[in-house]
Amino acid sequence: MDMKRFTSVFASLLVGLAGLGLFTLAWAQDDESPAEYSADVSYRLTTGLAEGKMVFFGVGGDIDGEVNPTLTAEPGDVVAVTLVNGDGVQHDVLFEGFANAQSDMVTTEGASSTFVFRANEEGAFDYYCTVPGHRQAGMEGSFVVGEAEAAADDAESIVRAPTDLPGPIADRDEPVHHDVTLTTVEKQGRLADGTSYRFWTFDGQVPGPLLRVRQNDTVTVTLENPADSTMVHSVDFHAVTGPGGGAVATQTAPGDATSFSFTALQPGLYVYHCATPMVAHHITNGMYGLILVEPEEGLAEVDNEFYVMQGELYTQQDFGQKGELDFNVDKLLDEQPEYYVFNGAVGALTGDGALTAETGESVRIFFGVGGPNKTSSFHVIGEIFERVYDQASLTSPPLTDVQTTTVAPGGATMVEFGVEVPGTYILVDHALSRAERGLAGHLEVSGEGDPDVYQGEVTEGSGH
């Protein structure tokens, strides 16, 4: 038996005896001198499935039956954790931030592993399965030591809903004028569970609002930068023919406002973004959006339209760390992001934020990449794009029957498809390692299925 396995088995025996009051547990950790103490807190978790996701279930006490229960301890407590394999799939559990706080792999149903560690740091931490993909599949919970601040969980959402976009422009014979005001907002916002980041935004959300005009319309853009901002901001529209796409005219100091006007000469779906040096810093912090310039004849009618943008964040702290995260310029310059996100945050397009449709309906997605650096291979698992308007060229014949489409940073596309089978369809960048860093969304399709199209499990999406 190897030393790690021996230690785990021996610890299990000692913890059991200590729990019965028959033994005082002695344990040395890091540079501590050996000290005698009993296990202060004991938890038992078992693995399984809940609502199609891999999870940990609490066993016994107040956590009995809870999915991914929040576990607690006081600073300095000795914590004993037993992991039981309840589904016959290989798992382990790691408590992030603590030495020796990881189980052995349990590979067969009924197998268990016990480990003991000292909760020697106050705060909120994750526990999760380290098998690749299992954490993202749902095997993650919180471990709170002491009076940990929950401020990051309470941080305001900066996510723009995928349904937050103007509807099609009504038929008309003449161009019109649009007055658009964008307000730059710097704010602490939720990046992931227990994690916040100071975003820079247009109108307080990521991405900025989708603007919708028609070819040959004129647009006056006013950029307002509130007095409480810490940075100069601007806006560059890729739909503009003029110096800097408007950025030259809109370098706006805190407390000021600037404006410019343009004519939307060419149809398409165009990115806009802040263009104040360092431009990549302003973009990664959330300052990007899309403007749709419809062709003169408009767009064909569909049942559902959605607005989705991909971005990446470069944080000082590693992916998954809790608390308020900081920007890291070296990672930005090296193009090594910690997070990839749709619409600003991890999980933004899941749960209540998911895209929704009914079987038999048509779907159109306006998709862009704020970046600032990474190209997307946009794909919806379980669907085929019936039409792809490559590089957002709305006047070219669309590509048909496309599985995955490439979108450059600062670029966009429009995809359309019908939905025939109910279930969960996962939006991804098919550079799939990015899903492990937060990049996944859901399209939830309800309604009756078509057995001529598909027969099989339809409650949860996964696959290619």
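**Figure 1. Confidence along the chain of this predicted model.** In this predicted model, the chain averages a pLDDT of 90, and 89% of the residues score at least 70. Two stretches fall under 50, and they are worth finding before turning to the other views. Over residues 1–37 the pLDDT stays under 50, and the model has 51 contacts for this stretch beyond four places in sequence. Over residues 460–464 the pLDDT is likewise below 50, and here the model has 13 contacts beyond near neighbours in sequence.

**Figure 2. An open sheet of five strands with mixed pairing.** Reading across the sheet, the strands follow the order S16-S14-S11-S12-S20. Strand S16 (256–263) and strand S20 (323–325) are the edge strands, each of which pairs on one side only. From one strand to the next, the twist averages 25°. Strand S12 (residues 195–202) runs parallel to S20 and is joined to it by three bridges. One residue pair to look for is Ser-196 with its bridge partner in S20, Glu-324.

**Figure 3. Strand S18 (residues 288–294), a mostly covered strand.** Is strand S18 covered or uncovered along its residues? Seven of its seven residues are buried, so that the strand is described as mostly covered, a term that rests on each residue having under 20% relative accessible area. On one side lie Tyr-288, Leu-290, Leu-292 and Glu-294, on the other lie Gly-289, Ile-291 and Val-293, and both of these faces are covered. Strand S13 (residues 211–214) pairs with S18 in the parallel sense over four bridges, and within S18 it is Leu-292 that stands opposite Arg-212. Strand S17 (residues 268–273) pairs with S18 in the antiparallel sense over six bridges, and here His-273 has Tyr-288 of S18 as its bridge partner.

**Figure 4. An open sheet of four strands, with S5 at one edge.** The strands are arranged in the order S5-S10-S9-S7, and their pairing is mixed. The edge strands, S5 and strand S7 (94–95), each pair on one side only. Between S5 and strand S10 (residues 140–145), three bridges are found in the parallel sense, and Leu-71 has Phe-143 in S10 as its bridge partner.

**Figure 5. Asp-77 in the loop between strand S5 (71–73) and strand S6 (78–84).** Is Asp-77 buried or exposed? Its relative accessibility is 15%, and therefore Asp-77 counts as buried. Leaving aside residues up to four places away in sequence, Asp-77 touches Asp-40, Val-41, Phe-117, Arg-118 and Ala-119. With Ala-119 the two residues are 42 residues apart along the chain, and yet their C-alpha atoms are separated by 5.4 Å. The side chain of Asp-77 also reaches the backbone nitrogen of Glu-74, at 2.8 Å.

**Figure 6. Two cis peptide bonds, one at Pro-207 and one at Met-278.** Val-206 and Pro-207 are joined by a cis peptide bond with an omega of about -5°, and Pro-207 lies in the loop between S12 and S13. The peptide bond from Pro-277 to Met-278 is also cis, its omega being near -10°. Met-278 lies in the loop between S17 and helix H3 (279–284).

**Figure 7. Asn-216 and Asn-343, residues with a positive phi.** Neither residue is a glycine, although Asn-216 has a positive phi of about 80° and Asn-343 has one of about 50°. Asn-216 is found in the loop between S13 and strand S14 (218–225), whereas Asn-343 lies in the loop between strand S21 (339–342) and strand S22 (355–358). At 28% relative accessibility, Asn-216 counts as partly exposed, while Asn-343, at 0%, counts as buried.

**Figure 8. Thr-424 and its polar contact with Glu-444.** Thr-424 has its place in strand S29 (residues 423–429). With a relative accessibility of 8%, Thr-424 counts as buried. A polar contact of 2.7 Å joins its side chain to that of Glu-444.

**Figure 9. Two buried cysteines, Cys-129 and Cys-274.** Cys-129 is buried with a relative accessible area of 1%, and Cys-274 counts as buried at 0% relative accessibility. A disulfide is a covalent bond between the sulfur atoms of two cysteines. How many disulfides does a search of the whole structure find? The search finds zero.

How values were computed. Residues are numbered from 1 along each chain as its sequence is written. Side-chain values use heavy atoms; hydrogens and water are left out. Two strands pair if DSSP finds at least two bridges between them. Helices (H or I, at least four residues) and strands (E, at least two) are DSSP runs, numbered from the N terminus. Axes are lines fitted to C-alpha atoms, for helices over the stretch in contact, and angles run from 0 to 180 degrees between N-to-C directions. Buried means under 20% relative accessible area, exposed over 50%, partly exposed in between (1.4 Å probe, protein chains only). A polar contact is a pair of N or O atoms within 3.5 Å; within protein, one must be able to donate a hydrogen and the other to accept it, and residues adjacent in sequence count only if both atoms are side-chain atoms. A disulfide is a pair of cysteine sulfur atoms within 2.5 Å. pLDDT is the predictor's confidence in each residue, from 0 to 100. Contact means heavy atoms within 4.5 Å.
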